[in-house]
Amino acid sequence: QLQASGGGLVQAGGSLRLSCAASGRTFASYVMGWFRQAPGKEREFVGTISAGGGYTNYADSVKGRFTISRDNAKNTVFLQMNSLKPEDTAVYYCAADRKLGYSVGSYNYWGQGTQVTVSS
(Lines give C-alpha, C1' and ligand atoms only; values in the text may rest on other atoms or scores of the structure.)
Protein backbone atom coordinates (compact mmCIF):
# COMPACT_ATOMS: atom_id res chain seq x y z
CA GLN A 1 0.00 0.00 0.00
CA LEU A 2 1.27 3.45 -0.95
CA GLN A 3 0.25 6.68 0.77
CA ALA A 4 1.22 9.99 -0.82
CA SER A 5 1.19 13.24 1.16
CA GLY A 6 2.62 16.73 1.20
CA GLY A 7 0.59 18.41 -1.50
CA GLY A 8 -0.86 21.86 -1.12
CA LEU A 9 -1.15 25.35 -2.53
CA VAL A 10 2.05 27.24 -3.33
CA GLN A 11 2.95 30.35 -5.28
CA ALA A 12 4.92 30.13 -8.49
CA GLY A 13 8.61 29.88 -7.74
CA GLY A 14 7.98 28.11 -4.47
CA SER A 15 8.79 24.61 -3.31
CA LEU A 16 6.99 21.56 -2.01
CA ARG A 17 8.18 18.17 -0.85
CA LEU A 18 5.94 15.19 -1.45
CA SER A 19 6.30 11.96 0.45
CA CYS A 20 5.10 8.49 -0.35
CA ALA A 21 5.08 5.98 2.47
CA ALA A 22 4.91 2.29 1.65
CA SER A 23 3.80 -0.58 3.80
CA GLY A 24 5.45 -3.97 3.70
CA ARG A 25 8.91 -5.36 4.15
CA THR A 26 10.07 -5.40 0.54
CA PHE A 27 10.10 -1.67 -0.23
CA ALA A 28 13.82 -1.75 -0.96
CA SER A 29 13.17 -4.18 -3.80
CA TYR A 30 10.87 -1.86 -5.69
CA VAL A 31 11.44 0.83 -8.25
CA MET A 32 9.43 3.91 -7.35
CA GLY A 33 7.90 6.35 -9.77
CA TRP A 34 6.11 9.67 -9.58
CA PHE A 35 3.39 10.63 -12.01
CA ARG A 36 0.96 13.53 -12.26
CA GLN A 37 -2.39 14.19 -13.82
CA ALA A 38 -3.74 17.64 -14.57
CA PRO A 39 -7.47 18.23 -15.16
CA GLY A 40 -8.51 17.03 -18.58
CA LYS A 41 -5.12 15.50 -19.31
CA GLU A 42 -3.67 12.03 -19.22
CA ARG A 43 -1.50 10.89 -16.35
CA GLU A 44 2.14 11.57 -17.20
CA PHE A 45 5.53 10.41 -16.02
CA VAL A 46 7.42 12.77 -13.71
CA GLY A 47 10.38 10.70 -12.58
CA THR A 48 11.62 7.42 -11.24
CA ILE A 49 14.23 6.08 -8.83
CA SER A 50 15.79 2.64 -8.78
CA ALA A 51 15.34 0.27 -5.86
CA GLY A 52 18.72 1.13 -4.38
CA GLY A 53 18.41 4.83 -5.12
CA GLY A 54 21.45 5.02 -7.37
CA TYR A 55 19.57 5.79 -10.56
CA THR A 56 17.02 8.50 -11.25
CA ASN A 57 15.36 9.70 -14.40
CA TYR A 58 13.08 12.67 -14.99
CA ALA A 59 10.69 14.04 -17.55
CA ASP A 60 12.16 16.93 -19.49
CA SER A 61 9.50 19.24 -18.11
CA VAL A 62 10.78 18.85 -14.54
CA LYS A 63 14.46 18.13 -15.06
CA GLY A 64 16.63 20.44 -12.98
CA ARG A 65 13.68 21.46 -10.76
CA PHE A 66 12.47 18.19 -9.24
CA THR A 67 14.50 15.63 -7.33
CA ILE A 68 13.48 12.13 -6.28
CA SER A 69 15.09 10.43 -3.31
CA ARG A 70 14.25 7.52 -1.07
CA ASP A 71 14.87 6.29 2.43
CA ASN A 72 14.60 2.52 2.36
CA ALA A 73 14.96 2.28 6.13
CA LYS A 74 11.75 4.31 6.45
CA ASN A 75 9.94 2.83 3.42
CA THR A 76 9.51 6.30 1.99
CA VAL A 77 10.20 8.00 -1.32
CA PHE A 78 10.29 11.76 -1.74
CA LEU A 79 9.69 14.23 -4.54
CA GLN A 80 11.33 17.59 -3.92
CA MET A 81 9.79 20.18 -6.21
CA ASN A 82 11.51 23.54 -6.60
CA SER A 83 10.85 26.53 -8.86
CA LEU A 84 7.27 25.45 -9.23
CA LYS A 85 5.23 26.73 -12.15
CA PRO A 86 1.46 26.98 -12.63
CA GLU A 87 1.72 24.20 -15.22
CA ASP A 88 2.94 21.88 -12.47
CA THR A 89 -0.57 21.96 -11.00
CA ALA A 90 -1.87 18.39 -10.90
CA VAL A 91 -2.65 15.45 -8.71
CA TYR A 92 0.63 13.69 -8.02
CA TYR A 93 0.80 9.92 -7.66
CA CYS A 94 3.51 7.59 -6.48
CA ALA A 95 3.80 4.13 -7.96
CA ALA A 96 5.87 1.02 -7.46
CA ASP A 97 7.01 -1.95 -9.47
CA ARG A 98 9.81 -4.50 -9.57
CA LYS A 99 11.33 -3.11 -12.77
CA LEU A 100 12.24 0.28 -14.15
CA GLY A 101 9.65 1.97 -16.29
CA TYR A 102 8.71 5.36 -17.64
CA SER A 103 5.04 4.93 -18.43
CA VAL A 104 1.81 4.45 -16.50
CA GLY A 105 1.52 0.88 -17.72
CA SER A 106 4.93 -0.01 -16.28
CA TYR A 107 3.71 0.23 -12.66
CA ASN A 108 1.36 -2.17 -10.93
CA TYR A 109 0.98 -0.46 -7.56
CA TRP A 110 -0.35 3.05 -7.06
CA GLY A 111 -0.96 5.48 -4.23
CA GLN A 112 -4.09 7.60 -3.94
CA GLY A 113 -2.62 10.91 -5.13
CA THR A 114 -2.03 14.29 -3.54
CA GLN A 115 -3.09 17.62 -5.02
CA VAL A 116 -0.48 20.23 -5.89
CA THR A 117 -1.72 23.65 -6.92
CA VAL A 118 0.67 26.37 -8.06
CA SER A 119 -0.75 29.87 -8.26
CA SER A 120 0.64 32.52 -10.58
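Which residue stands opposite Leu79 in strand 8? Ile68 does. This is a predicted model, in which local features need pLDDT of at least 70, side-chain atom pairs count only at pLDDT 80 or more, and totals for chains, interfaces and linings use all residues. Residues are numbered from 1 along each chain as its sequence is written, and side-chain values use heavy atoms, with hydrogens and water left out.

**Overall fold**
- The protein chain has eleven strands and zero helices. Helices (H or I, at least four residues) and strands (E, at least two) are DSSP runs, numbered from the N terminus.
- Along the sequence the pattern reads β-β-β-β-β-β-β-β-β-β-β.
- The radius of gyration of the protein chain is 13 Å, which agrees with the value near 14 Å for a compact globule of 120 residues. That radius is taken over C-alpha atoms, and the globule rule is 2.2 Å times the number of residues to the power 0.38.
- The C-alpha trace spans about 40 × 25 × 25 Å along its principal axes.
- Of the 120 residues, 45% count as buried. Buried means under 20% relative accessible area, exposed over 50%, and partly exposed in between (1.4 Å probe, protein chains only).
- Take the contacts between residues at least 6 apart in sequence: 56% of them join residues at least 24 apart. A contact means heavy atoms within 4.5 Å.

**Strand 8 and its partners**
- Strand 8 covers residues 76-81, and five of its six residues are buried.
- Strand 3 (residues 16-22) runs antiparallel to strand 8, joined by six bridges. Two strands pair if DSSP finds at least two bridges between them.
- Ser19 has Phe78 of strand 8 as its bridge partner.
- Strand 7 (residues 66-71) is also antiparallel to strand 8, again with six bridges.
- The hairpin of strand 7 and strand 8 has four residues between the strands. There, Asn75 takes a positive phi near 50 degrees.

**Strand 11 and its partners**
- In a regular strand the side chains alternate between the two faces of the sheet.
- Strand 11 (residues 114-119) shows this alternation. Thr114, Val116 and Val118 point to one face and are buried. Gln115, Thr117 and Ser119 point to the other and are not buried.
- Strand 2 (residues 8-11) pairs with strand 11 in the parallel sense over four bridges. Val10 has Val118 as its bridge partner.
- Strand 9 (residues 90-97) and strand 11 run antiparallel, with three bridges. Here Val91 is partnered by Gln115.

**Val62**
- Val62 sits in the loop between strand 6 (56-58) and strand 7.
- Val62 is buried, with a relative accessible area of 1%.
- Leaving out residues up to four places away in sequence, Val62 touches Arg36 and Val46.
- Val62 and Arg25 are 37 residues apart in sequence and 31 Å apart in space, C-alpha to C-alpha.

**Largest pocket**
- The largest pocket holds about 170 Å³ of space. A pocket is an open set of points on a 1 Å grid over the protein atoms alone, where a 1.4 Å probe fits, with protein on both sides within 12 Å along at least five of seven lines.
- Grid points are joined across faces, edges and corners, and the volume is the space filled by probe spheres set on the points.
- Its lining residues, which have an atom within 4 Å of a point, include Gln1, Phe27, Tyr30, Met32 and Tyr109.
- The lining has seven nonpolar, four polar and no charged residues. Ala, Val, Leu, Ile, Met, Phe, Trp, Tyr, Cys and Pro count as nonpolar, Asp, Glu, Lys and Arg as charged, and the others, Gly among them, as polar.
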